[in-house]
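Reader: Hello! Could you take me through one part of this structure in close detail, with the cut-offs spelled out as you go?

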Amino acid sequence: EVLAGTTEGCPLPSRMPSSILSEVPSDVPSKVPSEVPSEVLSKSPSRQPSAKIVPDECELEILIDMMEMDVALNHNLLGQWTRAAFHDAGTFNQITNEGGANGCLMNFPPMREEPENEHLNEPLKRLEAIKNDWHSHPDTCVNVSSADMIQFAMFFVVVRQSNLIEPLDDLDSPNVIAKRNLLKTGFSWGRPDETQCDTMWVDNLPGFSPPNDGNIAGPNGRCAAAGGEIKTKMMDRNGFTAEEATVLIGAHTIGHLRHAFSGNPWVPDGADNATPDGPVFNNKYHDFLINTIVANDASQFAAPSPGIVPFTDDFFDWFQDGVNELDHVDTDIALAFPSENLGMHPDFSVHSKAFADNNAFFLSKF
C-alpha cells in the first residue's frame with residue numbers, strides 16, 4: 001500500500017525502486033529468517049531519506065496549498081511578503097560581500113526590530129509558521145532555508161497576482177494549472193542561511209530621507225538626493241543596473257506603505273482588496289509616475305503650476321493624494337523625472353517610461 005499510495009496525484013517516495021522489486025527471484029523468502037538475531041536488525045542503517053534543501057514538485061504542491069490558504073484569508077500578506085523579500089536581499093553589499101538574500105530577516109529577530117523592518121514582523125512570523133508546518137508535514141522530507149522561503153514567497157505573489165488573478169486551488173482552471181507549474185519549476189532553490197547576521201546591513205536599503213537642501217528640484221534637492229540614494233544603495237552596493245533598480249522598485253505597485261505615513265497604497269490596483277482575490281501585480285506604478293503625475297520634470301513638479309498634481313499634500317519626504325488616498329515617497333518620485341544631477345544618479349525615468357508603456361515587458365524584467 002505504501003508503494004502504491006499517492007497524494008494529490010503525486011506518488012509517495014518508495015523505499016525501493018519497483019524495478020528492483022520485480023527482479024527479486026520468486027524463491028527468495030518473503031520474511032526474514034527467524035534465526036537472524038533481532039539485535040542485528042535493530043542496528044541496520046535507516047533507509048529514510050535525508051531532508052532535502054531542494055523540494056520536489058509534490059512537496060511544492062503542498063507548500064503552494066498552504067500559502068494559498070493563508071493569502072486567501074489575508075490579502076495584506078501579498079504586499080508584505082513582497083516587501084520582505086527585497087528587505088532581506090537588499091542588505092547585500094558587493095563591496096564588502098556581506099548581507100543579501102540570507103534569511104536574516106526571518107532567523108534573526110533583531111533585524112525585524114530595525115525601523116526599516118518592524119512592520120514586517122507579523123507577516124514574517126506567518127511565513128515562518130508555514131515553513132515549519134511544511135517541514136513537519138507527513139508527506140514532505142524537506143529542510144529549506146529561510147532565505148529560500150522568503151524569496152519564494154515573493155515569487156508566489158508575483159505569479160499569483162499577475163495576469164488573470166484567481167485562487168490557486170481551482171485545479172480545473174488552465175490558468176491555475178499553468179501558474180502552479182511555473183511555481184514548481186521556475187524558482188531556483190539552494191540559498192544558504194547566514195549564521196552571523198548584522199543589523200547594520202539594513203543601511204544598504206534605500207532610506208526615505210537622504211540629506212538634501214530642502215527644495216524639491218535642483219542639483220541638491222529632494223529628487224536628486226532620492227535618486228542618489230537609489231544609485232548608492234541599489235546600484236553601487238546591491239549591484240543592480242539602473243534598469244534593474246527601476247523595475248524592482250516597481251514592486252511598489254502592490255501593497256501599502258504600512259511602516260510610516262498613512263498606510264495608503266501607491267496605486268489603486270495595489271490595494272489589499274483591489275480585487276476579490278487581492279491586489280494586482282502590474283505596471284500601474286510606473287504608469288502612475290509617467291502618466292498620472294502631470295509635471296514632466298522636477299522643476300515643473302516644484303513650481304506652483306502644474307506643481308505636485310495629483311498629490312494634494314507635501315510632507316517633506318513623501319507626498320499624498322488625499323483625494324484618492326495614495327502615497328509616494330521621494331525615492332518613487334525620483335523615478336518619474338529626468339536626472340537633474342547626472343553626477344549623483346542616472347536618468348531612471350527612461351526605464352519607468354518603458355515599463356509604463358508595456359506591462360508584459362515590466363513583468364518579464366521583474
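Author: Happy to; here is a look at helix α12 and its surroundings, followed by the cavities and one arginine.

This is a predicted model, in which local features need pLDDT of at least 70, side-chain atom pairs count only at pLDDT 80 or more, and totals for chains, interfaces and linings use all residues. Residues are numbered from 1 along each chain as its sequence is written, and side-chain values use heavy atoms, with hydrogens and water left out.

For orientation, the protein has 16 helices and 5 strands; these are DSSP runs numbered from the N terminus, with helices being H or I of at least four residues and strands E of at least two. Of its 366 residues, 46% are buried, meaning under 20% relative accessible area with a 1.4 Å probe and protein chains only.

Now to helix α12, which spans residues 284–292 and has Y285, H286, F288 and L289 as its buried residues. These four sit on the same side of α12 because they cover an arc of only 155° around the axis, the arc being that of the directions from the helix axis to the C-beta atoms. The buried residues of α12 pack against α11 (242–249), β5 (326–329), α14 (330–333), α15 (349–357) and α16 (359–365), where contact means heavy atoms within 4.5 Å. Helix α11 has its own buried residues, A242, A245, T246, V247 and I249. Their packing partners are α10 (222–237), α12, α14, α15 and α16.

What about empty space? The count comes to 2 cavities of 30 Å³ or more. A cavity is a set of points on a 1 Å grid over the protein atoms alone where a 1.4 Å probe fits but cannot get out, and lining residues have an atom within 4 Å of a point. Grid points are joined across faces, edges and corners, and a volume is the space filled by probe spheres set on the points. The largest cavity has a volume of about 60 Å³. Among the residues lining the largest cavity are C223, A224, I333, F337 and H345.

Finally, R180 belongs to helix α9 (residues 174–185). R180 counts as buried because its relative accessibility is 3%. A polar atom of the R180 side chain lies 2.6 Å from the backbone oxygen of L168. Leaving out residues up to four places away in sequence, R180 touches E61, I64, D65, L168, D169 and L171.

Key. Buried means under 20% relative accessible area, exposed over 50%, partly exposed in between (1.4 Å probe, protein chains only). A polar contact is a pair of N or O atoms within 3.5 Å; within protein, one must be able to donate a hydrogen and the other to accept it, and residues adjacent in sequence count only if both atoms are side-chain atoms. On a 1 Å grid over the protein atoms alone, a cavity is a set of points where a 1.4 Å probe fits but cannot get out, and a pocket is an open set with protein on both sides within 12 Å along at least five of seven lines; lining residues have an atom within 4 Å of a point.
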